[in-house]
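Please look through the sequence and the model shown here before reading on. The paragraphs that follow begin with a single pair of strands and widen the view step by step.

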There are 2 protein chains.
Amino acid sequence: MTISSFKPPRRTLMGPGPSDVSQRVSEAMARPTIGHLDPYFIGMMDEIKSLLQYAFQTENELTFAVSAPGSAGMECCFANLVEPGDTVIVCQNGVFGSRMKENVERFGGLAIMVQDDWGRAVDESKLEAALKANPEAVLVAFVHAETSTGVQSDAEKLVRLAHDHNCLTIVDAVTSLAGTPIYVDEWGIDAIYSGSQKCLSAPPGLSPVSFNDRAAEKIKQRKTRVKSWFLDLNLIMGYWGDNAKRTYHHTAPVNSLYALHEALVMVQEEGLENCWIRHENNHLRLKEGLSSLGITFIVDEQHRLPQLNAVTIPEGVSDSLVRGQLLNQFNLEIGAGLGHLAGKVWRIGLMGHASNAKNVDYCINALASVLKKAA
Amino acid sequence: MTISSFKPPRRTLMGPGPSDVSQRVSEAMARPTIGHLDPYFIGMMDEIKSLLQYAFQTENELTFAVSAPGSAGMECCFANLVEPGDTVIVCQNGVFGSRMKENVERFGGLAIMVQDDWGRAVDESKLEAALKANPEAVLVAFVHAETSTGVQSDAEKLVRLAHDHNCLTIVDAVTSLAGTPIYVDEWGIDAIYSGSQKCLSAPPGLSPVSFNDRAAEKIKQRKTRVKSWFLDLNLIMGYWGDNAKRTYHHTAPVNSLYALHEALVMVQEEGLENCWIRHENNHLRLKEGLSSLGITFIVDEQHRLPQLNAVTIPEGVSDSLVRGQLLNQFNLEIGAGLGHLAGKVWRIGLMGHASNAKNVDYCINALASVLKKAA
């Protein structure tokens, strides 16, 4: 057996992530590897921290990138903030709420589920009822932007409700960061995690996170040890924290961090608000195009995510056939439905670098062409 | 605050890792990102599996790269193989044995420590005594190549002893894989983990692992759930396993895997045995050069790792001054001592792509120049 170098095709990535990575970010990632304790590298880590604080709109000291994909960022939040016996209210309106439940339970907590239909925003009154019925709850977790359905919940209101009942909050912002407004400090979010490969358009593999002082305090006061050495923030704080105290914890993914740094520099250059507006405008352009094809959204207009458009597959059309043709004939990736939405919806991403008018038009024309043949 | 693109200096990396990344690997990493469910990507994952099987010298089906650095690979082994109440014998002869102990305890096990001095190989008779004294032990863990001291233990003998006492084995091969012989199947190693950034010379961020059928069976038969969703092999088996069953678990670090793929293709091209011989030859060249400078090794000749040379800092020489000058004047990184060896030893890595005659000569000349000034 002899295996050759891998030469991937050049795709247009309009699925639920990863999104298209810009030339600038690719080039940054290919720069020479340096040591993770090199002074230049440590300086770059400090810059990533500042840039992430900007992206999250926070001054939280404990803001950094977990050295693993978004799922590990989620796990970092739950592993550190849940102690055995804790009651945690988890709002579920898609796939990722059930992963939160798994996290709570694996770390010894009791998960109280607040269910909403897939494709609906989290209902604040249901959360309020659950908080009243479970006064022992210490934590509320929800997904800001559900990648499985393209729905956005009102993070500010949900956090306020949680705080009114003395709960801390964990917010999944994997798909929302840099695509739609998030104000971590203004909204009082206690712990938040995201991913590098969605609206930041860096390659997958890193999970930006941020914890406020209340969350950090709870972690310092834990009665039991975190059930992970790799994700224990009591250890990681020494690594990403104050320069003077920076000690070896694990070998950071140097080149992936170069890529994240460059992606964040690009967000800073564009300006976060401009970035949000761009995502919104391209969403509207896509909506118009889809409408001309008679394709409808599964989410109410007011709760739609501009960066992740979940649409109903037209009657009589084969999901896999269409996606296969888009991929093979147009090098265009769009996403399939997950869970019980499989075969029923497509998920069209307009994330980060991929959120541009050219992609929208290309996608609409490709879809029109493939659907015409399918008809 | 405006932050600019990061342009790292070009170093020669002769510390304990990361090692120098070749142009081929850098270029591979910068190739266009594709989706983690793209058929081309899935094909590449299958190739990585084959290439890792070759590097580990195994036919284990459960051979893949954990989507995070070596510490997470370690955690993956312990999280899956340790159940609460399990007795685990951990052989410690450097920094990484204590991290293993942390892992055992965080997952609810009892760690029985077998201690050897730092810089000495694990003493087989001590392990045997511990196995006899703790017949309830189910697992033995040890470090094949201690990165903190540059010592190699006899993995084959240690595994055989463990098996004689009905224990499974976890072997840390972070620094040994592709640098020094490992025969996973022939030696009967049950679970093994490594890192991408040592003798494979891919950027840091991935941890190759392999589990044999006995280990996989123990994981399937667990009475309690793995205390991690991200690292639960019962879930990951579906992701890296048979094509037909490949389901979405987490978003793979696509570009980092391109880099690992290319690094493994290069090992395959050179041939694993040639790779080991090259590491040995460059070690001998370094040894000769160091000897001319009067610098001695801390490890007995028979247990020295060719890829990680721990040497005594000459009397009266300032550790940080010399390393600082090497870095700033020669762009050359060598490693500091860890733990109680800090300030007393240097760790000179000759790993992967960095293990070449040019680097050896450069390092010796740079050291000679700096030490001359320091004298």
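In this predicted model, a good place to begin is chain B, where strand S3 (residues 87-92) and strand S5 (residues 137-143) run parallel and are joined by four bridges. One residue of this pairing can be followed by eye, since Thr87(B) has Ala137(B) as its bridge partner in S5(B).

These two strands belong to an open sheet of seven strands in chain B, whose order is S2-S10-S9-S8-S5-S3-S4 and whose pairing is mixed. At the edges lie strand S2 (62-66) and strand S4 (110-115) of chain B, each of which pairs on one side only. On average, neighbouring strands of the sheet are turned by 15° against each other, direction ignored. Across S2, strand S8 (168-172), strand S9 (191-193) and strand S10 (207-211) of chain B lies helix H8 (residues 213-220) of chain B, which runs at about 110° to S8(B).

Leu139(B) leads from the sheet to the interior, for it is among the residues with the most contacts inside the largest nonpolar core, which has 253 residues. Leaving aside residues up to four places away in sequence, Leu139(B) touches several others, including Leu81(B), Val88(B) and Leu168(B).

Turning to chain A, one finds 13 helices and 13 strands. The radius of gyration of chain A is 21 Å, close to the 21 Å that the globule rule gives for 375 residues, so chain A is as compact as a globular protein of that length. Of the 375 residues in chain A, 58% are buried, and among contacts in chain A between residues at least 6 apart in sequence, 73% join residues at least 24 apart.

Notes
Residues numbered from 1 in each chain as written. Chains lettered and ligands numbered in written order. Predicted model: local features only at pLDDT ≥ 70, side-chain atom pairs only at ≥ 80, totals over all residues. Core = buried A, V, L, I, M, F, W, Y, C linked by C-beta atoms within 7 Å. Buried ≥ 20, exposed ≤ 12 C-beta atoms within 10 Å, placed from the backbone. Contact = placed C-beta atoms within 7 Å. Pairing = 2+ DSSP bridges. Axes fitted to C-alpha atoms, helices over the stretch in contact; angles between N-to-C directions. Rg over C-alpha atoms; globule rule 2.2 N^0.38 Å.
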